[in-house]
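Subject: Structure for your review

Dear colleague,

Please find below the structure that I am handing over to you. I would be grateful if you read the notes beneath it with the model open.

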Amino acid sequence: SSSTYEAKNRINFAFLRLLRIFAKHFFPLILVLDDLQWADVSSFDLLEVLMDDQQIHKFMLIGIYRSNEVDETHVFHRYLQELETKSLGKEFTMTQLEIHDLGLPYGQAVR
């Protein structure tokens, strides 16, 4: 319904304004989101709004997800494909991080 759509837009805009305020006074601003494999479509829509905004400068979004839980049919996989396609003119890097990349013994890294 249109009221649901309007409510979603208001929430997205409010979060965007909040992020703009933080980014204006605290930079660089780094937002880390974990467990993105469990996010819903509305959350991905909000992330898209944030990444498309031209008024946020010196902003980095770090998204963390478990690749073993995301296959080609997962909504996050489709979102990543769209993001890579739309990221023209923006820096977009995907990196897989393994436990050995942390330089910690396995038992210490999984605590």
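The notes that follow concern a pair of helices, one residue at their contact, and the nonpolar core.

Please keep in mind that this is a predicted model.

Helix α1 covers residues 2–25 and helix α2 covers residues 41–52. The two pack at an angle of about 45°, and their axes lie 10 Å apart. Because angles of 65 to 115 degrees count as roughly perpendicular and those under 35 degrees as roughly parallel, α1 is described as oblique to α2. Their crossing is right-handed.

Which residues in α1 and α2 meet? From α1 come Lys8, Asn12, Phe15, Leu16 and Leu19, and from α2 come Ser42, Asp45, Leu46, Val49 and Leu50. Sorted by character, the residues of this contact are six nonpolar, two polar and two charged.

Asn12 merits a separate word. This residue belongs to helix α1 and has a relative accessible area of 8%, so Asn12 is buried. Leaving aside residues up to four places away in sequence, Asn12 touches Leu46 and Val49.

The largest nonpolar core contains 17 residues. Those that touch the most other members are Phe44, Leu47, Leu50, Phe76 and Tyr79. At least two residues of this core are supplied by each of α1, β1 (29–33), α2 and α3 (75–86). Phe76 touches Leu36, Phe44, Tyr65 and Val70, again not counting residues up to four places away in sequence.

Yours sincerely,
A colleague

Terms used:
Residues are numbered from 1 along each chain as its sequence is written. This is a predicted model: local features need pLDDT of at least 70, side-chain atom pairs count only at pLDDT 80 or more; totals for chains, interfaces and linings use all residues. Side-chain values use heavy atoms; hydrogens and water are left out. Axes are lines fitted to C-alpha atoms, for helices over the stretch in contact, and angles run from 0 to 180 degrees between N-to-C directions. Helices (H or I, at least four residues) and strands (E, at least two) are DSSP runs, numbered from the N terminus. Angles under 35 degrees count as roughly parallel, over 145 as roughly antiparallel, 65 to 115 as roughly perpendicular and the rest as oblique. A crossing is left-handed if the near helix is turned anticlockwise from the far one by less than a right angle, and right-handed if clockwise. Contact means heavy atoms within 4.5 Å. Ala, Val, Leu, Ile, Met, Phe, Trp, Tyr, Cys and Pro count as nonpolar, Asp, Glu, Lys and Arg as charged, and the others, Gly among them, as polar. A nonpolar core is a set of buried Ala, Val, Leu, Ile, Met, Phe, Trp, Tyr and Cys residues joined through side-chain atoms within 4.5 Å. Buried means under 20% relative accessible area, exposed over 50%, partly exposed in between (1.4 Å probe, protein chains only).
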